[in-house]
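Q: I am new to this structure and would like a close look at a single part of it. Could you walk me through one of the salt bridges and then show me how the rest of the chain is laid out around that topic?

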Amino acid sequence: MPEFLLHKIPIGQWAKVFVEFLTDNFYEEFRLFSDGLEWFIQGLIFLLSAVPPVLLILIICALSYFLHRNWKLVIGIAVALLLIVNMGYWDRTLETVALVVYSTLISCILGIPIGIAAAHHRWLYTLLRPILDLMQTIPTFVYLIPTLMLFGLGMVPGLISTVIFAIPAPIRLTQLGIISVPKDLLDAGKAFGASRLQQLWKVELPHALPSIMAGLTQCIMLSLSMVVIAALVGADGLGKPVVRALNSVNIAQGIEAGLAIVIVAIVLDRLLKQPGQSIEGVEAGG
């Protein structure tokens with residue numbers, strides 16, 4: 001074996017030194033950021049908890065009917081959410097929803113502009129592609145170690161880890177939607193004297209909206225898949241009873257908490273999905 005292969009490249013040691021540098025020099029700044037973000041998350045949980053469960057379910061059902069005009073969907077959502085209340089996981093569900101809302105919001109605020117830029121600059125997407133692959137394939141537990149050191153126990157390290165895992169979805173699908181705009185539409189926009197910004201707002205984004213919405217839905221699903229992982233670093237929500245059930249081999253608790261997570265995922269997916277549009281259909285169309 002060549003001698004240079006016997007000398008280990010200290011990649012892990014470099015990462016450790018970098019994280020320790022951040023914690024030694026920016027500890028107060030990271031904790032201040034963590035406290036501020038925790039305040040926003042807890043504020044949303046407080047607002048949701050202040051509404052009686054039945055009233056909040058009625059509001060969600062009204063929103064569902066307004067968006068889809070489908071009574072079967074409304075009845076299904078009502079029965080599913082009432083089942084969560086009956087199982088005693090309503091408060092945990094609200095904590096999970098708050099975590100998903102903020103992780104999805106941050107992922108889309110950052111991811112959609114990056115996806116637009118990547119669609120307009122091929123070199124940028126070439127640069128981003130291996131990074132996005134790494135973010136989605138590296139074991140999620142790896143995220144928890146540095147985020148735990150930087151932000152401490154609580155919702156914030158779980159939120160940051162969730163954003164890292166979920167943000168590739170809006171980036172990829174936004175980029176896919178923008179590059180799939182027919183050239184004829186772009187040429188028509190140019191013929192009418194549209195500027196690049198007008199092309200973006202009036203031609204590209206409307207055409208790419210189904211793909212962007214699919215990215216939003218995928219982002220929510222990926223965020224929910226991180227609920228249990230986030231519970232390992234102190235994040236509240238439905239992940240905590242799952243972890244407790246795993247530690248105590250409590251089959252009943254694990255199945256009930258897992259069912260509640262599935263219900264939340266289905267409800268959010270049905271609320272946000274455009275009628276007749278599926279994620280698979282968008283990806284196939286792209």
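A: Let's start with Asp133, which is partly exposed, its relative accessible area being 34%. In this predicted model, Asp133 is one half of a salt bridge whose other half is Arg172, and the closest N and O atoms of the two are 2.4 Å apart. Asp133 sits in helix 5 (residues 122-137) while Arg172 belongs to helix 8 (residues 168-179), so this pair ties together parts that are 39 residues apart in sequence.

How many salt bridges are there by this rule? The count comes to four, and two others are worth a visit.

One of them joins Arg92 to Glu95, with 3.2 Å between the closest N and O atoms. Here both partners lie in helix 4 (residues 90-120), three residues apart, which is about one turn of the helix. Glu95 has a relative accessibility of 15%, and because buried means under 20%, Glu95 counts as buried.

Another salt bridge links Asp236 with Lys240, and their closest N and O atoms are 2.9 Å apart. Asp236 is partly exposed, at a relative accessible area of 22%. Lys240 also has a value of 22% and counts as partly exposed. Looking at charges across the protein chain, there are 17 positive and 18 negative ones, and their mean positions are 9 Å apart.

Now let's step back to the helices that hold these residues. The protein chain has 14 helices and zero strands, so if you follow the elements from the N terminus on, you meet α each time. The C-alpha trace spans about 70 × 65 × 40 Å along its principal axes. Among contacts with a separation of 6 or more, 77% are between residues 24 or more positions apart.

Next, the inside. Of the 286 residues in the protein chain, 43% count as buried. The largest nonpolar core has 48 residues, and Ile77, Leu81 and Ile84 are those with the most contacts inside it. Leaving aside neighbours within four places in sequence, Ile77 is in contact with Ile60, Cys61, Ser64, Val267 and Leu271. Apart from that core lies another, of 18 residues, with Leu124, Tyr125, Ile171 and Leu222 among them. As background, nonpolar side chains in soluble globular proteins tend to be buried together. On the outside, the accessible surface of the protein chain comes to about 16,100 Å², and carbon and sulfur atoms account for 71% of that.

A few individual residues help to fill in the picture. In helix 6 (residues 140-151) you will find Thr147. Is Thr147 buried or exposed? With a relative accessibility of 5%, Thr147 counts as buried. Not counting residues up to four places away in sequence, Thr147 touches Gly152, Pro157, Ile160 and Ser161.

Val142 lies in helix 6 as well. Val142 is partly exposed, with 37% relative accessible area. Its C-alpha atom is separated by 20 Å from that of Arg31, and these two residues are 111 residues apart along the chain.

Now turn to helix 1 (residues 11-50), where Tyr27 lies. Tyr27 has a relative accessibility of 38% and counts as partly exposed. Tyr27 and Phe151 are 124 residues apart in sequence, but in space their C-alpha atoms are 8.5 Å apart.

A last stop is His207, found in helix 10 (residues 196-225). Its relative accessibility is 34%, so His207 counts as partly exposed. Which residues does His207 contact, leaving aside its neighbours within four places in sequence? They are Gly177, Ser180, Val181, Pro182 and Leu185. For Pro182, the separation from His207 is 25 residues in sequence and 9.0 Å in space, C-alpha to C-alpha.

To return to where we began, the bridge between Arg172 and Asp133 ties helix 8 to helix 5, and Asp133 itself is partly exposed.

Technical notes
Residues numbered from 1 in each chain as written. Predicted model: local features only at pLDDT ≥ 70, side-chain atom pairs only at ≥ 80, totals over all residues. Heavy atoms only, no water. Core = buried A, V, L, I, M, F, W, Y, C linked by side-chain atoms within 4.5 Å. Buried < 20%, exposed > 50% of the residue type's maximum accessible area, 1.4 Å probe, protein only. Contact = heavy atoms within 4.5 Å. Helix = DSSP H or I, 4+ residues; strand = E, 2+ residues; numbered from the N terminus. Areas by Shrake-Rupley, 256 points an atom, 1.4 Å probe, with all protein chains shown as cover. Lys, Arg positive; Asp, Glu negative; His and termini not counted. Charge placed at Lys NZ, Arg CZ, Asp CG, Glu CD. Salt bridge = Lys/Arg side-chain N within 4 Å of Asp/Glu carboxyl O.
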